[in-house]
Amino acid sequence: MLYDSSVLEMPGWLEDVTAGIRLGEQARIATGLPTKLAICDDRVAMLPLLRPGDDSVTASYVVHPSPLLDALAALFEAVWERSVQIRPSVPPVVGGLPERLSPDEEKLLTLLASGATDKAAGRSLGWSERTVQRHITKLLRRFGAQTRFQLAMEATRRGWI
């Protein structure tokens, strides 16, 4: 599943995506997806007719095997390759024992790795922007990082993101 970064503004999206991932879904996030699209086994695609500002889908194109279906599949693959993987955090192991992150820390790291701003992460977690910043500062201190970049590198090294 490929999600547009606009989902970062939606409360509860991370829990929904995490549930899907635990059931085997592969999920990535990208900025500025051109359209919604569903492709099934390279045999059929559904492309909803949506214009900016539309609240609901009133009609969709169904695309059967054709050069258009091939182009839509190629578009998906190209965007997939440049997108960021979303995966739930797993507890890293330090000295043979798992180092525990709180569920909130796991969610925050996942949101930040997905490109969420402090404001969007706060909205998703039900926190203020300032609370997000306090949690980030706490993580920076806890793991000896001076910058968010160092924190991201450490989180990657430890297998959190």
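This is a short tour of the structure above, stop by stop, with a suggestion of what to select at each one.

**The whole chain**

Start with everything shown as a cartoon, and keep in mind that you are looking at a predicted model. Along its principal axes, the C-alpha atoms fill a box of roughly 55 × 35 × 25 Å. Colour by secondary structure and you should find six helices and eight strands. Walking from the N terminus, the order of elements is β-α-β-β-β-β-α-β-β-β-α-α-α-α. If you colour by accessibility instead, buried residues account for 37% of the 161 residues in the chain.

**Strands 3, 4 and 5**

Now select residues 38–40 and 44–48, which are strand 3 and strand 4. These two strands pair in the antiparallel sense, over three bridges. For a landmark, show cysteine 40 and look across to valine 44 in strand 4, which stands opposite.

Next, add residues 60–63, which form strand 5. Strand 4 and strand 5 are antiparallel as well, pairing over four bridges. Here the landmark is proline 48, whose bridge partner in strand 5 is serine 60.

**The turn of the hairpin**

Go back to the hairpin of strand 3 and strand 4 and zoom in on the three residues between the strands. Which residue takes a positive phi in this hairpin? Click on aspartate 41: its phi is near 50 degrees.

Turn on side chains here. Aspartate 41 forms a salt bridge with arginine 43, with 3.9 Å between the closest N and O atoms. That pair just falls inside the cut-off, because a salt bridge needs the nitrogen within 4 Å of the carboxyl oxygen. Are the two partners buried or exposed? Aspartate 41 has a relative accessible area of 58%, so it is exposed, and arginine 43, at 53%, also counts as exposed.

**A negative patch**

Stay in the loop between strand 3 and strand 4 and pick aspartate 42. Aspartate 42 is exposed too, at 56% relative accessibility. Now add Asp70, Glu77 and Glu81 to the selection and switch to a surface view: together with Asp42 they form a negative surface patch.

**Helix 3 and its salt bridges**

The structure holds four salt bridges, and for two more of them you can move to helix 3, residues 103–113.

Select lysine 107 and glutamate 15 first. They form a salt bridge whose closest N and O atoms are 3.2 Å apart. Because glutamate 15 lies in helix 1 (residues 13–22) and lysine 107 in helix 3, the pair ties together parts that are 92 residues apart in sequence. Glutamate 15 is partly exposed at 35% relative accessibility, and lysine 107 is partly exposed at 27%.

Then select glutamate 105 and arginine 142, whose side chains meet in a salt bridge of 2.8 Å, N to O. This pair also links distant parts of the chain, with glutamate 105 in helix 3 and arginine 142 in helix 5 (residues 129–142), 37 residues apart. Which of the two counts as buried? Check the accessibility of each: glutamate 105 is at 5%, and since buried means under 20%, it qualifies. Arginine 142, at 36%, is partly exposed.

**A last look**

To finish, show helix 1, helix 3 and helix 5 together with these two pairs as sticks. Glutamate 15 reaches from helix 1 to lysine 107 in helix 3, while arginine 142 in helix 5 meets glutamate 105 in helix 3.

Definitions and conventions
Residues numbered from 1 in each chain as written. Predicted model: local features only at pLDDT ≥ 70, side-chain atom pairs only at ≥ 80, totals over all residues. Heavy atoms only, no water. Patch = residues over 30% accessible without salt bridge, like charges linked within 9 Å, V, L, I, M, F, W, Y side chains within 5 Å. Areas by Shrake-Rupley, 256 points an atom, 1.4 Å probe, with all protein chains shown as cover. Lys, Arg positive; Asp, Glu negative; His and termini not counted. Charge placed at Lys NZ, Arg CZ, Asp CG, Glu CD. Buried < 20%, exposed > 50% of the residue type's maximum accessible area, 1.4 Å probe, protein only. Pairing = 2+ DSSP bridges.
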